[in-house]
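Student: I have a structure open and want to know what stands behind its labels. Can we go through them?

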Amino acid sequence: MIQDEIKVSTQTLQWKCIESKIESKRLLYSRFAISPFRKGQANTVGIAMRRALLNEIEGASITYAKIKKVKHEYSTIIGLQESIHDILINLKEIVLKSESFEPQKSIYFSFRT
């Protein structure tokens, strides 16, 4: 049985900080360059880094919403101008404050249609 040869890179990843600034106590900004990557590898590493960084952010947010009699986010409700998708996007903009570091139970809102 003949197998195709796979070329394996022997180069090590190099990274450097291109820019870093502190705009306020809570607003930090940095930009890094990492290379070389094989085809498709940069997306995989970028997504993993994004998830890891987002997990470190403390705070409270709406993570789940369910509306009775709505099957999917692109539905509409008679009498409302906004689509369900627009309502869900707007829910993400709500700023919440929590004194706890533990996940909290759901809060239910009822709307009459």
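Student: Where is the place of serine 75?

Tutor: This is a predicted model. Serine 75 sits in the loop between H1 and H2.

Student: Why is serine 75 called buried?

Tutor: Its relative accessible area is 14%. Buried means under 20%. Serine 75 is therefore buried. The C-alpha atoms of serine 75 and histidine 85 are 7.7 Å apart, with their positions 10 residues apart along the chain.

Student: What share of the protein chain do buried residues make up?

Tutor: They make up 4% of the 113 residues.

Student: What are the elements of the protein chain, and in which order do they run?

Tutor: There are two helices and two strands. From the N terminus on, the order is β-β-α-α.

Student: What makes glutamate 19 and lysine 21 a salt bridge?

Tutor: Their side chains meet at 3.9 Å, N to O. The cut-off is within 4 Å, from a side-chain nitrogen of Lys or Arg to a carboxyl oxygen of Asp or Glu. The pair therefore qualifies as a salt bridge.

Student: How many salt bridges does the rule give?

Tutor: Three. Another is arginine 31 with glutamate 19, with the closest N and O atoms 3.8 Å apart. That pair links distant parts of the chain: arginine 31 is in strand E2, glutamate 19 is in strand E1 (residues 14-22), and they are 12 residues apart. Lysine 21 also meets glutamate 23, at 3.7 Å, N to O. Salt bridges that share partners join Glu19, Lys21, Glu23 and Arg31 into one network.

Student: Which of the terms buried, partly exposed and exposed fits glutamate 23, and why?

Tutor: Glutamate 23 has a relative accessible area of 51%. Exposed means over 50%. So glutamate 23 is exposed.

Student: Why is arginine 31 called partly exposed?

Tutor: Its relative accessible area is 41%. Partly exposed is the range between under 20% and over 50%. Arginine 31 therefore counts as partly exposed. Glutamate 19 is partly exposed, at 30%. Lysine 21 is partly exposed too, at 37%.

Student: What makes the bond between serine 35 and proline 36 stand out?

Tutor: It is a cis peptide bond, with omega at about -5 degrees. Most peptide bonds are trans. Proline 36 lies in the loop between strand E2 (28-35) and helix H1 (41-55).

Student: What is notable about the phi of lysine 69?

Tutor: Phi is positive, about 65 degrees, although lysine 69 is not a glycine. Most residues other than glycine have a negative phi. Lysine 69 is found in the loop between H1 and helix H2 (84-92).

Student: How do you know that lysine 69 is exposed?

Tutor: Its relative accessible area is 88%. The cut-off for exposed is over 50%. So lysine 69 is exposed.

Student: Which residues form the nonpolar patch on the surface?

Tutor: Ile62, Ile94 and Leu96 form it. Together they have about 230 Å² of accessible area.

Student: What makes isoleucine 62 accessible enough for a patch, when it is called partly exposed?

Tutor: Isoleucine 62 has 35% relative accessibility. Patch residues need over 30%. Exposed would need over 50%. So isoleucine 62 passes the patch cut-off and still counts as partly exposed. Isoleucine 62 is found in the loop between H1 and H2.

Student: Which residues line the second largest pocket?

Tutor: Leu54, Asn55, Ile57, Glu58, Gly59, Ala60 and Ser61 line it. Its volume is about 190 Å³.

Student: How does that lining divide by residue kind?

Tutor: Into three nonpolar, three polar and one charged. Gly counts as polar under the rule used, so Gly59 is in the polar group.

Student: Where does glutamate 93 lie?

Tutor: In the segment after H2. The C-alpha atoms of glutamate 93 and serine 61 are separated by 8.9 Å, although the two are 32 residues apart along the chain.

Student: Why is glutamate 93 called exposed?

Tutor: Its relative accessibility is 60%. Over 50% counts as exposed. Glutamate 93 is therefore exposed.

Definitions and conventions. Residues numbered from 1 in each chain as written. Predicted model: local features only at pLDDT ≥ 70, side-chain atom pairs only at ≥ 80, totals over all residues. Heavy atoms only, no water. 1 Å grid on protein atoms, 1.4 Å probe; cavity = no way out; pocket = protein on both sides within 12 Å on 5 of 7 lines; lining within 4 Å. Points joined across faces, edges and corners; volume = space filled by probe spheres on them. Helix = DSSP H or I, 4+ residues; strand = E, 2+ residues; numbered from the N terminus. Buried < 20%, exposed > 50% of the residue type's maximum accessible area, 1.4 Å probe, protein only. Patch = residues over 30% accessible without salt bridge, like charges linked within 9 Å, V, L, I, M, F, W, Y side chains within 5 Å. Areas by Shrake-Rupley, 256 points an atom, 1.4 Å probe, with all protein chains shown as cover.
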